Every structure is written in structure tokens, then in C-alpha cells.
Amino acid sequence: MTSMTDSSADGSPLARKTLETGNLTFHWDKQQAPLAYPDIDLPVGEHLFLQGPSGSGKSTLMSLIGGLILPSAGTLRVLDADLSTLSGGQRDRFRAEHMGVIFQQFNLVPYLNPLDNVLLPCRLSPKRRSRAQPSPEEQAKSLLNALGIADEHWRRPVTRLSVGQQQRVAAARALIGTPELILADEPTSALDTDNRDRFIELLLQLAAKQQSSVVFVSHDQSLAGRFDHRIALEATR
Amino acid sequence: MNLRLTFSLAMASLWHRRNVLALVTLTLMLSITLLLGIQYLRTEVKQSFTSTISDTDLIVGARSGQLNLLMYTVFHIGNATNNIRWRTYQDLKDDSRIGWMVPISLGDSYRGHRVVGTSEQFPEFFRYGQGQAPELSTGAWFSDIFEVVLGSEVARTHRHATGDRITLSHGGGRTSFSNHDDLPFTVSGVLAPTGTPVDQAVYVSLEGLEAIHIGWESGVAIPGRTVSAEQARKRDLTPAAITAVLMGMDRQIQTFQVQREINQYSGEPLSAILPGVALSELWRLMGQFEKALLGITVFVVITSLIGLAAVLLTLQVQRRQEVAILRAAGASPLLIAMLYVIECVILSLVACGLALFVGAAAIAGLSPWLLDTWGVQITLRPLNSTEWLVIAAVPVAALLVSLIPALRAWQGSRKQGLSHANPQ
């Protein structure tokens with residue numbers, strides 16, 4: 001673990017930027033035109049709205065930020081760490097310690113109950129566990145409560161939850177252990193308008209409370225107003 | 001990598017997919033039971049086989065190969081090449097080095113079961129297993145020349161009890177046209193099951209055999225020359241010849257010396273064999289067959305393991321979402337691969353455990369029936385080291401087989417992006 005990846009929670013130097021990119025490009029294979037991204041500059045604790053039509057590389061950008069794939073060219077700094085200098089294992093650990101991820105749907109491990117799904121990051125990363133105050137279980141329960149998941153659902157099979165409930169459990173999992181960055185890849189596209197607004201409201205509110213930045217991907221322009229920063233990606237084709 | 005987490009995830013995942021996996025585990029369990037059962041029976045049958053005769057130092061018969069002599073004296077299969085003269089028997093009796101002798105006379109049958117003519121020395125000296133004597137379940141050994149003792153299997157098949165009157169047939173075979181029906185025998189006793197060819201045999205006295213063959217010198221009954229029971233009793237019923245002799249030495253060290261002398265006996269050509277040596281030679285011949293059988297079962301186990309891997313591979317498609325979630329939460333590709341390895345090994349361990357249980361239950365449940373119907377004595381005993389090795393090989397093989405889905409998952413999760421819909 002390099003010192004620059006450490007965060008304020010354990011007294012190490014504070015990261016100045018959540019996300020910083022320059023001339024970032026990526027291509028899945030040599031035949032295709034590379035995806036080129038506009039430069040991003042996201043200060044700590046602020047939220048970013050990424051909008052763009054399908055095929056514009058939104059999900060690819062999320063994979064890049066998450067450290068699952070490496071950029072073809074350009075710089076990518078997450079919490080002041082240059083991900084391309086880290087090994088695969090280091091990037092996995094970096095992601096476990098500093099990021100929470102919410103997908104479009106099917107967010108939950110089918111064989112774990114909602115509470116265990118929320119606790120998963122704490123079991124994968126000791127750092128996340130130590131930052132989950134007062135204890136991982138307590139924080140998981142208070143997050144689930146805050147997100148409106150009644151305690152009778154906590155130990156039921158996740159398949160019994162509605163899609164809206166599943167997305168809120170996923171949000172609790174992303175928020176547990178106060179990661180600095182939350183990546184949300186179209187988390188509301190499977191929800192109706194009421195559920196969608198309530199979801200974004202809760203997510204941003206809880207993220208702000210623990211000083212986490214949210215990078216929110218959506219094709220729905222109407223959500224953009226709630227975010228400090230907005231970037232529109234263009235279709236490459 | 002967090003092994004405890006991986007293990008608990010693997011357990012939860014197995015439980016989640018228990019319906020599909022129960023079937024493959026069942027297949028694997030059955031094939032392991034088969035493998036273990038055959039390995040177990042091999043040892044047990046060999047044990048049962050080599051314990052058909054014990055405490056007998058030499059078997060003496062007319063000059064022939066040792067397997068032939070063993071087959072007709074001990075297993076009652078095949079026929080003697082020739083007889084031994086009664087004088088020779090008397091001669092051997094005078095030898096002070098020989099502790100005891102049991103004469104055996106073969107040739108007749110009762111409904112397909114061999115009739116063994118012998119003397120009162122048989123129950124006294126014949127031993128099987130670990131020196132066990134054949135015991136009577138009902139009645140007593142023959143004391144009259146027209147009395148007969150039945151092996152347990154003979155009595156069971158034909159529902160005979162003591163006091164029944166039976167007619168012996170001349171020669172072997174299930175259906176004989178020449179019966180000794182003028183001189184019927186009375187069942188004086190029935191033997192307890194031994195798990196040896198004794199169960200299939202009928203024991204009468206040498207004198208009884210001699211009596212029913214008066215007038216049969218040419219092979220068939222000549223009218224007018226046969227006798228009634230009363231007439232027979234008045235005759236000298238000392239046999240002219242017997243088929244073989246079982247003998248025990250006073251001092252076992254003299255066995256080889258006596259064997260050599262009998263083989264060079266000047267009165268008539270004789271063969272003396274060591275039953276233990278002949279039995280192991282016979283087992284070597286039969287061993288090839290059971291080795292082939294074991295080989296086939298090994299392949300059955302391998303087939304079910306490959307089936308298990310195929311099912312795990314098929315399930316992999318359904319697990320993309322789950323893998324994406326775990327990866328997004330920071331799980332390494334190694335953890336994903338280990339999930340498959342651990343799941344596969346746990347399944348094989350469960351199958352092994354079930355196989356042990358089912359196998360033990362089957363042996364415990366079937367052994368009385370096997371002894372009754374087939375005369376094979378199978379007892380429940382702790383597994384020996386070879387059998388433990390066989391059962392330990394299964395999880396190891398499962399580990400190797402699991403590397404196929406594990407490597408695929410490892411590669412796939414390294415390439416996969418953040419979302420489960422792979423952009424490629």
C-alpha cells in the first residue's frame with residue numbers, strides 16, 4: 001500500500017481530488033476506433049453526473065475508474081493514485097478499500113441475504129471493516145434503515161425483494177465502510193419515477209453525510225440538476 | 001485472498017444451488033460407492049476364498065496338477081483323474097509324522113450337490129476360515145451308514161430338515177437317470193452356514209457310499225446283484241479306493257519332507273499339494289478379472305467427475321452477475337477461481353461421506369442375505385489403507401477437475417469489466 005492511496009480516515013494525507021483524468025482513451029480491440037474521454041476533474045466529496053447515449057463508453061469509463069481495465073493512453077488518477085502503476089491485485093484491493101459500486105440491476109449476490117450482501121465489502125477489506133463505525137453490523141443496519149429496508153427483510157432471500165428494494169440494498173453496500181468514491185452505473189434505469197427520485201435523494205444525502213463522491217451514470221438528462229458536475233459523453237459512431 | 005470468506009461464500013453458493021448439484025453429487029456418490037464396494041469386496045472375497053480351507057497341511061490325490069486337485073477336493077469343481085487305493089491310505093496311516101487324515105470319496109451327487117464320502121475324522125479335523133470347525137445347526141453327525149449330513153445351502157434350497165429321507169444319484173450333474181433309490185438315506189444333521197463350498201455339499205460315511213454301490217461295479221445297477229439295506233449291513237463295507245486325503249502333520253516342519261515322499265510313492269502315482277500355495281495360484285488367475293473390474297469402476301468415477309465439472313461449467317454462465325458483484329466489491333480473480341475449486345472439492349467430500357455411509361449400510365444390510373443365498377461371507381470391518389487411499393483419491397481428482405472451470409473463471413474475471421454485461 002502506497003501512502004498516497006491512504007485517506008483521511010486513518011490520519012494519512014488527505015486526497016485532494018477524487019478523480020482526475022487527462023486525454024484518457026481506451027479501445028477494446030485494435031480494429032475499433034478508441035473511446036476518447038473529456039478531461040474530468042472532480043474534487044473530494046463532490047458528485048459527478050455522466051450522461052451519454054448507449055455506446056458512448058459510459059460503462060467502460062466506470063470499469064477504468066474501478067481499475068478493472070487499464071486505459072490505452074492518457075492519465076487516470078483516482079484519489080491521487082495513478083491506477084496504471086498498480087498491479088491487478090493492488091487495484092482489486094484499492095477498489096475494495098475506496099470504492100462502492102451500484103449496477104443497473106441484479107446487484108445482489110443471490111445466495112447471501114440482504115444484510116450479508118451489505119457486509120460483503122467489509123469482509124473483503126479490513127480497511128472498510130475498520131471504517132464501518134460503530135461496527136460493520138451496526139452500520140449496515142442503520143444504512144438499511146435509512147434506505148427504508150424494514151428489518152424483516154434483512155435475513156430473507158434477496159430474490160423476495162422488489163427491484164427498488166434491491167437497488168437500495170446495493171446502495172447500502174456501496175456506502176458501508178465510508179468509501180471515498182461511489183460508482184453508480186445507471187442504478188435507477190429499472191425503477192419507476194417515484195422510486196428513482198427517492199433513490200437518488202437517499203443516495204446523495206447519505207453520500208454527503210459521509211463525504212463520499214458519487215459518479216452517477218445515466219442517459220436520463222432530467223436527473224442532472226442534482227449534481228455539482230456534469231459531463232456529457234458523445235457517441236463514437 | 002481471504003480463505004474464510006471464500007469458504008463461506010462457496011458453502012452459501014452450494015446451498016443456493018443444492019437442487020441441481022444434488023443430482024451430480026448423487027451420481028458421484030453412486031460411482032464412489034461402486035468403486036469402494038468393489039475394492040472392499042475384492043479383499044473380502046479373497047479373504048473368503050483363501051479361508052475355504054485351513055489347518056490342512058497337505059491334500060493328497062491321484063497324480064495330477066495342483067489346481068485340479070485343489071478344485072475337486074476343496075471346491076468340488078471338476079473330477080478326479082483317478083482314485084487312491086485303500087491300501088495306500090492304510091500305508092499313509094502308519095506314517096508317524098502324519099498327525100491326522102481325513103479320507104474323501106467323491107463321485108455321487110444329490111440334485112446337483114456333491115456327495116462327499118468321509119469318516120468321523122471330518123468334523124474333528126476339517127477346518128475353514130481362521131481354524132473354525134464346521135458346526136451343526138440341527139441334528140448330529142452321521143452315526144449310521146445310511147445317515148447323511150447336509151450343507152446349509154443344500155438344506156435351504158431343498159427345504160430339508162433332520163429326519164427327511166433322500167435318494168442319492170450316481171455320478172454328478174443336476175439330473176441323473178441312475179438313482180440309488182433302493183437305498184435311501186436319512187438326514188441326521190444340517191450344518192450351519194460357513195461361506196465355503198461345505199455349504200453346497202452332502203456328507204455321508206465311506207461305508208454308506210460303498211453300500212449303495214454294491215452291484216454297481218460296471219457303472220450301472222445290474223439287476224439281481226444289488227442288495228437291500230439289511231444285506232448291505234452284513235457285508236464288509238471297507239472301500240476299495242478313495243478319491244483324496246486331507247492331512248495334518250504332527251510337526252509342520254515335516255510337511256515338505258512328507259510331500260516329497262508322497263510324490264515319489266512307489267505303490268501308485270500320487271500328488272501331494274500345499275493348499276495355501278495352490279489357493280494363491282488360483283487367486284492369481286482369478287485376480288486378473290477383478291483387476292479389470294476395478295479399472296472399469298475407476299473410469300466410472302472419472303466420468304462422474306467430468307460430469308461434475310461440466311455442470312459447474314454450465315452454471316458458470318448463470319454466475320456472471322454474481323462474479324461481477326464480487327469483483328466490483330474488490331474480490332480478486334483468484335478468489336473467484338478458488339470458489340470453484342472449493343465448491344468442487346466440498347461436493348466430492350460430501351459424495352465420499354455419503355458413499356461411505358451407503359456402502360457400510362449396504363454391506364451391513366446385505367451380508368446375511370449374501371451368506372444365505374450365495375455362500376459368500378462379507379463382514380463389516382474398518383477400511384484398510386488401500387481403501388482409504390482410493391477414497392482419498394476422489395477429492396484430489398475433484399481438485400484437478402475443478403481447475404477447468406476455475407481457470408476459465410479466473411481468465412474471464414480478469415477480462416471482465418465492471419458491469420456483468422461484458423462489453424465484448
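**Exercise 1. Burial and overall form of chain B**

Task: State what share of chain B is buried in this predicted model, and decide whether the chain is spread out or a compact globule.

Solution.
1. Of the 424 residues in chain B, 38% are buried.
2. The secondary structure of chain B comprises 13 helices and 13 strands.
3. For 424 residues the globule rule gives 22 Å, whereas the radius of gyration of chain B is 32 Å, well over that value, so chain B is more spread out than a compact globule.
4. Along the principal axes, the box filled by the C-alpha atoms of chain B is roughly 105 × 45 × 30 Å.
5. The domain assignment splits chain B into domain 1 (3-50 + 287-415) and domain 2 (106-238).
6. The centres of these two domains of chain B, taken over C-alpha atoms, are 52 Å apart.
7. Among the contacts in chain B with a separation of 6 or more, 79% join residues 24 or more positions apart.

**Exercise 2. Nonpolar cores**

Task: Find which residues have the most contacts inside the largest nonpolar core, and which helix of chain B gives the most to it.

Solution.
1. The largest nonpolar core holds 108 residues, and A:Ala172, A:Val215 and B:Ile32 have the most contacts inside it.
2. Helix 12 (residues 333-374) of chain B gives the most to this core, namely 13 residues.
3. A separate second core has 58 residues, including B:Ile98, B:Leu106, B:Leu168 and B:Ile212.
4. Take A:Val215 and leave aside its neighbours within four places in sequence: its contacts are A:Leu19, A:Leu48, A:Leu50, A:Ile65, A:Leu181, A:Leu183 and A:Ala184.
5. As background, nonpolar side chains in soluble globular proteins tend to be buried together.

**Exercise 3. The side of chain A that touches chain B**

Task: Describe the make-up of the side of chain A that touches chain B, then work out where helix 3 of chain A packs.

Solution.
1. Contacts between the chains involve 27 residues of chain A and 22 residues of chain B.
2. On the chain A side, helix 1 (58-66), helix 2 (88-98) and helix 3 (114-124) each supply at least two residues.
3. By class, the residues on that side of chain A are 15 nonpolar, seven polar and five charged.
4. Helix 3 of chain A is mostly covered, with 10 of its 11 residues buried.
5. The buried residues of helix 3 of chain A include A:Asp116 and A:Arg123 as well as A:Val118, A:Leu119 and A:Leu120.
6. Within chain A, the buried residues of helix 3 pack against helix 2, strand 7 (99-102), helix 4 (126-131), helix 5 (136-146) and helix 6 (163-175).
7. In chain B, they pack against helix 1 (3-16).

Notes:
Residues are numbered from 1 along each chain as its sequence is written. Chains are lettered from A and ligands numbered from 1 in the order in which they are written. This is a predicted model: local features need pLDDT of at least 70, side-chain atom pairs count only at pLDDT 80 or more; totals for chains, interfaces and linings use all residues. Domain bounds come from an automatic or database domain assignment. A nonpolar core is a set of buried Ala, Val, Leu, Ile, Met, Phe, Trp, Tyr and Cys residues joined through C-beta atoms within 7 Å. A residue is buried if 20 or more other C-beta atoms lie within 10 Å of its own, exposed if 12 or fewer, and partly exposed in between; C-beta atoms are placed from the backbone. Helices (H or I, at least four residues) and strands (E, at least two) are DSSP runs, numbered from the N terminus. Two residues are in contact if their C-beta atoms, placed from the backbone, lie within 7 Å. The radius of gyration is taken over C-alpha atoms; the globule rule is 2.2 Å times the number of residues to the power 0.38. Ala, Val, Leu, Ile, Met, Phe, Trp, Tyr, Cys and Pro count as nonpolar, Asp, Glu, Lys and Arg as charged, and the others, Gly among them, as polar.
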